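Trainee: Could you take one part of this model and go through it slowly, giving the cut-off behind each term as it comes up?

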Amino acid sequence: MTYPIKTVEDLRWFLAHTQGFRGGQVTDVHVSKRRIFDEESGHDVLAGTAATVVVRYPAQGIIRVAKLTMQGVSDLSIFEQDGADCSVLGVIQVELNEGKLRFWFDPHGELYVVCEEAMLEEVSLPQSDADMDGAVAQWTFQADSGEAPTVAWLLDQLDRAGAPCIWRAAGPRTAPYRGLCWEGKLVAAVDVSAGSAAAVEVQTYGPIDCAGFGMRMRLHHLAGRSGGRLLSLVTDLVTQSFSGTCLVGQTFFSQEEWVNWKSLGRAHHARL
């Protein structure tokens, strides 16, 4: 979900909602500069700077991954030395002064940004031990609104796409995830007899943080190309049918960005 931050009221909401990113961790920092050609001087001139900080943080039994995009950056500090790590956050500080937003991501100023406005995007998902498993590739989709699809809908869509699968429901949990609707494995039916069937783990859960349903898919790296193709197909079916945001690792994609990114990937592989 997306929230603009421009006013004092926006800042109050931001700090209350995120709890100052308490206990969070900065996973990505990106700075981009936009330049335009100035005809009078005959040179490119700076037309604006943007900084993006991605933070993963716990909140009320769930995990939020937030992307804070700061536009019109006029001052920025990223400073680490002597083995210091400014990625682990306590509580950030924010102020609005003379029309400028100031973000201190740590008490010592190692990560500090002054900007004109900011935009917060978030994906919320249930906590899971598998989130920290480096052997698992994870794709998460958060719908803008609406109820979660059923297993029957997903299987029907795969049949129509010419990739029939069977569903193997997961066993009951002693402590089920918050809002969990259903979870299990999609297994490619054509591969079952061969003994090395492509499989994708799927979890679907109800609205979190007032957004729509969420869907999380995991693929073990040992699944090979067939598993990757199945995961790619399922993500296509979901994004073609529902409006929302995709999260791959710590990278956010709008629905349009995701479609374009996958199209570029397919074109690249075709050239190879």
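Mentor: Two strands are said to pair if DSSP finds at least two bridges between them, and the strands themselves (E, at least two residues), like the helices (H or I, at least four residues), are DSSP runs numbered from the N terminus. The model is predicted, so local features need pLDDT of at least 70 and side-chain atom pairs count only at pLDDT 80 or more, while totals for chains, interfaces and linings use all residues. Residues are numbered from 1 along each chain as its sequence is written, and side-chain values use heavy atoms, with hydrogens and water left out.

As a frame for the close look, the chain contains four helices and 16 strands. The part I would choose is an open sheet of four strands, whose order is β5-β8-β7-β6 and whose pairing is antiparallel. Its edge strands are β5 (75-78) and β6 (93-97), each of which pairs on one side only. On average, and with direction ignored, neighbouring strands of this sheet are turned by 10° against each other, where axes are lines fitted to C-alpha atoms, for helices over the stretch in contact, and angles run from 0 to 180 degrees between N-to-C directions.

Within that sheet, strand β7 (residues 100-104) and strand β8 (residues 111-115) run antiparallel and are joined by four bridges; one residue to look at is F103, which has V113 of β8 as its bridge partner. Helix α1 (residues 8-18) packs on the sheet, touching β6 and β7, and the direction of α1 makes about 175° with that of β6; contact here means heavy atoms within 4.5 Å.

Two loops that adjoin these elements deserve attention for their backbone angles. In the loop between β6 and β7 lies E98, which has a positive phi of about 55° although it is not a glycine. E98 is exposed, with a relative accessible area of 75% (exposed means over 50%, buried under 20%, and partly exposed in between, with a 1.4 Å probe and protein chains only). The loop between α1 and β2 (25-38) holds Q19, another residue that is not a glycine but has a positive phi of about 55°; Q19 is partly exposed, with a relative accessible area of 36%.

For comparison, here is another set of paired strands. Strand β11 (residues 165-169) is joined by five bridges to strand β12 (residues 180-188), and the two run antiparallel, with I166 standing opposite V187 in β12. Strand β12 also pairs with strand β13 (residues 199-205) in the antiparallel sense, over seven bridges, and G184 has V202 in β13 as its bridge partner.

A residue elsewhere in the chain adds the view from the inside. T52 lies in strand β3 (residues 43-59) and counts as buried because its relative accessible area is 15%. Once its neighbours within four places in sequence are left aside, T52 is in contact with D28, V29 and H30, and also with K67, L68 and T69.

The totals for the chain give the wider setting. Buried residues make up 40% of its 272 residues, and among contacts with a separation of 6 or more, 61% are between residues 24 or more positions apart.
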